[in-house]
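Good morning, everyone. Please look at the structure on the screen, and I'll walk you through a few parts of it.

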Amino acid sequence: MSRYSRITGTGSHLPPRRLSNADMVAMLAQRDIETSDEWIVERTGIRARHFAAEGVSASDLALPAARAALEAAGRKPEDVDLIIVATSTPDMVFPSCATILQAKLGIVGCPAFDMQAVCSGFVYALTVADSMIRTGSVRCALVIGAEVFSRILDFNDRTTCVLFGDGSGAVVLEASDEPGILATDLHADGRHVGILCTPGTVSGGQVLGDPLLKMDGQAVFKLAVNVLDSAARATLSKAGRTEADVDWLIPHQANIRIMQSTARKLKLPAEKLVATVHEHGNTSAASIPLALDVAVRDGRVRRGDTVMLEGVGGGFTWGAVLLDY
Ligand code: UT7
């Protein structure tokens, strides 16, 4: 039995339709809603986001990311013995996005399920896959974040619709005698359900209530900066490492101000923060693996680097994964 799990390949995918802030300003103006590039950039760092075309689902976005991660790992679909898709915008109520993706990849038989922890979904999924690998039941896992948040945005609410985008990111996580994932730390506090939610429910095949995203941005902001700091410190302490050992901080990409504040609290120089929020917006569970793949492919994150991944979002949920890449 291997003692560790290790990321052996990464991949990501963005739908081709890119909307700049100017495009959002024009789109909202048609509804007599005012926003501006200055407001969006100053408050969030976001300059653009990608929206999937009509009919394109989360599993469609997950497929090219999964294939790219498998190729980077030198693996074939038939090597995969676990698929976890972190998503809050699955193709169907059921079955899971993971089983739909499994069929698209031509894999038969391995377990496949979705992880629903909103923007913390990827760190939750990676933690579960790591545990299953360390118990010996799995050797090669595909762990993916894939979202089509454009489908649940309220384009009459300027406080949320300018923030989110669509995309996917994937990693192949394999059993290894070398680290790998060093420590994980997950949390949830359901008392805060109401500050970030999509409250519609499904009954008799119909969506009842409001199926669009609601967020109290300031409440989420305040909780996020505190919990991201505590989760980072918890993983460092569990792994017997310090802030000085962290080569790259890859937090959930929601708001550059939250990310910079997290880096500052950990006394990490700005260059160690991987930020893709400018170009991707907030892609919920996809944001961390998307940013990781960007930083791997542009040569920043190299084999052996120590990387801190941190998620935070609806639930309220949060967590961190510390790993040697
Ligand atoms: O993915 C899960 C995690 N999510 C997050 O981490 C999000 C956390 N929250 C945030 O990132 C920020 O709270 C926001 C970006 C959502 C908002 O930034 P803020 O600095 O907290 O702004 P605010 O909500 O205090 O709004 C300030 C002003 C308000 O006007 P008044 O009341 O001061 O007159 C808003 O109505 O900005 C106004 N405003 C806008 N103006 C132009 C809100 N949205 C917009 C907009 N364009 N799109």
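Let's start with one residue pair. Asp185 sits opposite Ala320 in strand β15. Keep in mind that this is a predicted model. That pair belongs to a longer match: β8 and β15 run antiparallel, joined by seven bridges.

β15 has another partner too. It pairs with β14, again in the antiparallel sense, over eight bridges. One of the matched pairs is Gly313 with Thr317 in β15. β14 and β15 make a hairpin, with three residues between them. Look at Gly315 in that turn: its phi is positive, about 145°.

Now, how many of β15's eight residues are buried? Eight of the eight. Here is some background. Side chains in a regular strand alternate between the two faces of the sheet. In β15, both faces are covered. On one side we find Thr317, Gly319, Val321 and Leu323, all buried. On the other side are Trp318, Ala320, Leu322 and Asp324, also all buried.

Next, helix α7. This helix runs over residues 217-239, which makes 23 residues. From its first C-alpha to its last, α7 reaches 33 Å, close to the 33 Å expected at 1.5 Å a residue. Its buried residues include Val220, Ala224, Val227, Leu228 and Ala231. A general point helps here. An α-helix has 3.6 residues a turn, so residues three or four places apart point the same way.

What covers the buried residues of α7? The cover includes β14 and β15, the two hairpin strands. β8, β9, β12 and α8 are also among the elements that cover them. Just past the helix, Gly240 takes a positive phi of about 70°.

Let's move to another sheet. Five strands form it, in the order β1-β7-β6-β4-β5. The sheet is open, and its pairing is mixed. Which strands stand at the edges? They are β1 and β5, and each has a single partner strand, so one side of each is left without a neighbour in the sheet. On average, neighbouring strands here are turned by 20° against each other, direction ignored.

What does mixed pairing look like up close? β6 and β7 pair in the antiparallel sense over nine bridges. Ala146, for example, has Ser168 in β7 as its bridge partner. Helix α10 packs on this sheet, touching β1, β6 and β7. The direction of α10 makes about 90° with that of β1.

β4 and β5, by contrast, run parallel, with four bridges between them. Ile83 stands opposite Ala112 in β5. Between these strands, the chain passes through helix α4, residues 97-105, and this β-α-β crossover is right-handed.

Now a single loop residue. Thr276 lies in the loop between α8 and α9. Is Thr276 buried or exposed? Its relative accessibility is 8%, so Thr276 counts as buried, the cut-off being under 20%. Leaving out residues up to four places away in sequence, Thr276 touches Gln253, Ala291 and Val294.

Last, the cysteines. The structure holds zero disulfides. Take Cys110: the nearest cysteine sulfur is that of Cys140, and it is 9.4 Å away. Cys110 is buried, at 12% relative accessible area. For Cys197, the nearest cysteine sulfur is that of Cys119, 13 Å away. Cys197 has 21% relative accessibility, so it counts as partly exposed.

Key: Residues numbered from 1 in each chain as written. Predicted model: local features only at pLDDT ≥ 70, side-chain atom pairs only at ≥ 80, totals over all residues. Heavy atoms only, no water. Pairing = 2+ DSSP bridges. Axes fitted to C-alpha atoms, helices over the stretch in contact; angles between N-to-C directions. Contact = heavy atoms within 4.5 Å. Right-handed = clockwise from strand over helix to strand, strands pointing away. Buried < 20%, exposed > 50% of the residue type's maximum accessible area, 1.4 Å probe, protein only. Disulfide = S-S within 2.5 Å. Expected span 1.5 Å × (residues − 1).
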